[in-house]
Amino acid sequence: MNIPLIIVLCYIIALFVISAYAKKLATSGSEGFMLAGRKLTTPLIAVTVTGLAIGGASTIGVAERAYDVGLAAGWYNVAWGAGAVVMGLVAAGKYRKLNVSTLPELFEKFYDTKGRIICVLSQIVILLVITSLQYVAGGAILTSLLPDIFTLKSGMIMSAAVFIGITFIGGMWSAGLSNILNVALIYIGIIFSAVATISSQGGLRNIALKIPSDVAYLHPIKGLGLAVIMGWFAVMITQTLSLQATVQIACGAKDEKNAKRGFILGGLLMLPIGFLAALMGIAAKAAYPDISATMALPKIIMSLNPVMAGVTLAALWAADVSTACNLLLGTSTLFSQDIYKRFINPDIDDKRFMIVSKITVVILGIMTFILSLTIVGILKTLLVALSLTTAFTVTFLFTIFAPGLCRKHSAFYTTVVGILVLVLWTFVPSIRIFSHVIYLEWIVCIGTFLTVAVFDSAKIPDLA
């Protein structure tokens with residue numbers, strides 16, 4: 001067990017060294033901390049987007065789902081990749097051109113203050129939930145790595161400490177630069193471990209003989225069905241266009257061209273990881289049919305030789321770190337920029353504002369850890385939370401491509417109705433007329449936006 005531990009400790013040390021260097025780059029003030037001084041190049045955007053996407057849900061969560069339904073779980077990452085490509089083609093350059101820091105800022109710029117308020121509160125809730133999922137995955141990894149030292153809870157505490165520390169030190173520069181290491185480690189670890197895992201169990205044919213025959217484990221679609229998979233694509237494309245964590249990366253680009261290219265490249269980079277994680281989840285089902293599904297991927301990895309296990313577990317933790325840092329930074333930016341600076345202390349100087357931003361990282365990090373203790377089912381929880389971004393995406397797309405239909409109150413009422421749909425879907429099963437809430441969200445949010453255009457005569461200002 002010492003070899004995996006040494007590898008992971010070396011990785012943690014490397015992360016903090018990178019963050020210390022990133023801190024020097026972030027000396028330009030709050031914009032340097034939150035947006036990397038708007039100097040992110042195409043490669044840095046690509047690895048940052050990939051690092052954001054390939055987190056606990058895309059590795060531990062996919063394997064957890066594959067443990068129950070099979071290879072079809074791998075489509076989650078393909079859906080994420082499709083979302084990033086669409087973001088690059090449609091929206092990333094637009095966000096950079098508008099020169100904003102957050103989506104709520106854009107809402108107030110073109111709509112009204114109450115639109116900004118409801119947007120920032122909703123975005124914070126979404127990001128808090130997603131960040132919490134990273135602690136669950138991180139705890140599962142460390143529990144597998146050192147079962148004599150870590151329980152799931154203490155592993156989550158250790159993960160939280162590293163996530164918060166990295167973000168606190170260097171902000172967006174930490175996230176961008178550390179993701180060069182993270183993405184490389186993820187690819188090396190996942191690819192080699194998938195090959196080694198399948199080979200050690202005698203190949204896919206032998207694995208197929210050991211898994212239950214009542215589930216189409218090795219079929220690319222049947223385990224979930226086409227409707228569910230299409231729902232994933234709808235959710236991931238929707239959230240990528242308007243989630244603060246992705247918007248912030250686009251806003252940190254050097255220019256529109258780098259923003260576009262970075263997202264497209266990042267989307268292509270993340271495509272294969274999901275199916276590799278799913279294959280290892282299936283292998284775990286064959287080898288350990290009675291374990292917790294959340295432990296599927298860490299458990300199967302620890303059956304490999306110590307060096308391979310250490311590298312892969314470090315890679316999984318790298319995936320967790322990269323995602324959690326971006327999410328924590330996004331949540332901190334929303335609070336400090338759109339609540340504290342906008343409504344509490346608008347005259348704060350930049351030096352103090354940066355201090356507030358860093359303190360917010362710590363406070364929100366603790367809050368998300370507490371929330372993580374109540375979450376079960378990584379992928380399912382994530383997809384429900386992300387459905388709430390539909391109202392933001394609808395508003396953004398109308399703002400950019402059909403401004404003539406936009407009215408001052410459109411953002412507010414569309415977001416309110418989007419929240420109401422999600423609440424009703426959760427507590428009133430009779431309204432579940434579609435396979436996923438995202439379809440109902442799109443129909444209702446577009447309908448609301450167009451209805452407001454009929455009754456509200458106050459148009460938004462010109463984009464130029």
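Analyst: Buried means under 20% relative accessible area, exposed means over 50%, and partly exposed lies in between, with a 1.4 Å probe and protein chains only. The model is a predicted one, where local features need pLDDT of at least 70, side-chain atom pairs count only at pLDDT 80 or more, and totals for chains, interfaces and linings use all residues. Residues are numbered from 1 along each chain as its sequence is written, while side-chain values use heavy atoms, leaving out hydrogens and water.

User: Let's try those words out. Is Arg 352 buried or exposed?

Analyst: Arg 352 has a salt bridge with Asp 349, and the closest N and O atoms are 3.8 Å apart. A salt bridge is a side-chain nitrogen of Lys or Arg within 4 Å of a carboxyl oxygen of Asp or Glu. The partner, Asp 349, has 36% relative accessibility and so counts as partly exposed. Arg 352 itself has a relative accessibility of 58%, so the label is exposed.

User: How many salt bridges does this rule give?

Analyst: Besides the bridge between Arg 352 and Asp 349, there is one between the side chains of Arg 116 and Glu 108, at 2.4 Å from N to O. By the rule, the salt bridges come to six.

User: Which residue does Glu 108 meet in a salt bridge of 2.6 Å?

Analyst: Glu 108 and Arg 116 are both buried, and Glu 108 has a relative accessible area of 17%. The partner at 2.6 Å, N to O, is Arg 342. Glu 108 lies in helix 6 and its partner in helix 15 (residues 306-344; helices are DSSP runs of H or I with at least four residues, numbered from the N terminus), so the pair ties together parts 234 residues apart in sequence. The partner's relative accessible area is 29%, which makes it partly exposed, and its name is Arg 342.

User: Which residues share a network of salt bridges with Glu 108?

Analyst: We have already met two of the members, since Glu 108 pairs with Arg 116 and also with Arg 342. The network links Glu 108 to Arg 116, Arg 342 and Asp 338.

User: Now for the rings. How many aromatic pairs are there?

Analyst: Rings of Phe, Tyr and Trp (its six-membered ring) pair if their centres lie within 6.5 Å; planes under 30 degrees apart count as stacked, over 60 as edge-to-face and the rest as tilted. By this rule, the number of aromatic pairs is eleven.

User: What kind of aromatic pair do Phe 107 and Phe 392 form?

Analyst: The centres of Phe 107 and Phe 392 are 6.2 Å apart, with 65° between the planes. Phe 107 belongs to helix 6 (residues 103-110) and Phe 392 to helix 18 (residues 390-401), so the pair ties together parts 285 residues apart in sequence. Both Phe 107 and Phe 392 are buried. The kind of pair they form is edge-to-face.

User: What kind of pair do the rings of Phe 398 and Phe 449 make?

Analyst: The ring centres of Phe 398 and Phe 449 are 4.3 Å apart and their planes meet at 10°, so the pair is stacked. It ties together parts 51 residues apart in sequence, because Phe 398 lies in helix 18 and Phe 449 in helix 20 (residues 437-455). Phe 398 and Phe 449 are both buried. In one word, the pair is stacked.

User: Which residues form one aromatic cluster with Trp 75?

Analyst: This group takes us to other rings. The cluster joins Trp 75 with Phe 233 and Phe 275.

User: What is the phi of Asn 99, and where does that residue sit?

Analyst: Most residues other than glycine have a negative phi, and most peptide bonds are trans. Asn 99 is not a glycine, yet its phi is positive, at about 60°. With a relative accessible area of 45%, Asn 99 is partly exposed. Its place is the loop between helix 5 (75-98) and helix 6.

User: Where is Arg 38, which also has a positive phi?

Analyst: The phi of Arg 38 is near 55°. Arg 38 has a relative accessible area of 10%, so it is buried. Its place is the loop between helix 2 (30-35) and helix 3 (42-53).

User: Leaving aside neighbours within four places in sequence, which residues is Leu 35 in contact with?

Analyst: Leu 35 is found in helix 2, and at 2% relative accessibility it counts as buried. Contact means heavy atoms within 4.5 Å. Its contacts beyond those neighbours are Ser 30, Ser 101, Met 172, Gln 248, Cys 251 and Gly 252.

Conventions. Helices (H or I, at least four residues) and strands (E, at least two) are DSSP runs, numbered from the N terminus.
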